[in-house]
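Here are a few exercises to work through with the model open beside you. Try each task before you read its solution.

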Amino acid sequence: MPQPSEPKPEQNSTQAVEHVASAHQLLKELQQKVGNHPELGEAITKLEMALNILAIRTGGLL
């Protein structure tokens, strides 16, 4: 019976980027619906920072 392979770090980074980007988009859409809110703005900023960090770690291969 074949052993399950370990996930590659690139796959984990790609999945993380996809999830963060999706969350970022959802928050931006929510912000447009409800207007500016300090907590939404902070969450969006933190997601943008996380995306930038992931981009640096993956060498921009997102």
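Buried means under 20% relative accessible area, exposed means over 50%, and partly exposed is what lies in between, with a 1.4 Å probe and protein chains only. We're looking at a predicted model, where local features need pLDDT of at least 70, side-chain atom pairs count only at pLDDT 80 or more, and totals for chains, interfaces and linings use all residues. Residues are numbered from 1 along each chain as its sequence is written, and side-chain values use heavy atoms, with hydrogens and water left out.

**Exercise 1. Get the overall picture of the chain.**

Start with burial: of the 62 residues in the chain, 18% are buried. Next, the surface: about 5,200 Å² is exposed, and 57% of that comes from carbon and sulfur atoms (Shrake-Rupley method, 1.4 Å probe; for residues, only the protein chains shown count as cover). Last, the secondary structure: there are two helices and zero strands (DSSP runs numbered from the N terminus, helices being H or I with at least four residues, strands E with at least two).

**Exercise 2. Find the residues of the largest nonpolar core and say which helix supplies the largest share.**

First, the term: a nonpolar core is a set of buried Ala, Val, Leu, Ile, Met, Phe, Trp, Tyr and Cys residues joined through side-chain atoms within 4.5 Å. The largest one has eight members: Val 17, Val 20, Leu 27, Leu 40, Ile 44, Leu 47, Leu 51 and Leu 54. Now sort them by element: α1 (9-34) and α2 (38-57) each give two or more residues. The largest share, five residues, belongs to α2.

**Exercise 3. Compare the settings of His 24 and Leu 30.**

Begin with His 24, which sits in helix α1. His 24 counts as buried because its relative accessible area is 14%. Skipping neighbours within four places in sequence, His 24 is in contact (heavy atoms within 4.5 Å) with Ile 44, Leu 47 and Glu 48.

Then take Leu 30, also a residue of helix α1. Its relative accessibility is 37%, so Leu 30 is partly exposed. With the same neighbours within four places set aside, Leu 30 touches Gly 35 and Leu 40. The C-alpha atoms of Leu 30 and Leu 40 are 8.4 Å apart, with the two positions ten residues apart along the chain as the separation.

**Exercise 4. Track down the salt bridge.**

Searching the whole structure turns up one (a side-chain nitrogen of Lys or Arg within 4 Å of a carboxyl oxygen of Asp or Glu). Glu 42 pairs with Lys 46, and their closest N and O atoms are 3.4 Å apart. Both are in helix α2, four residues apart, or about one turn. Glu 42 is partly exposed because its relative accessibility is 45%, while Lys 46, at 52%, counts as exposed.
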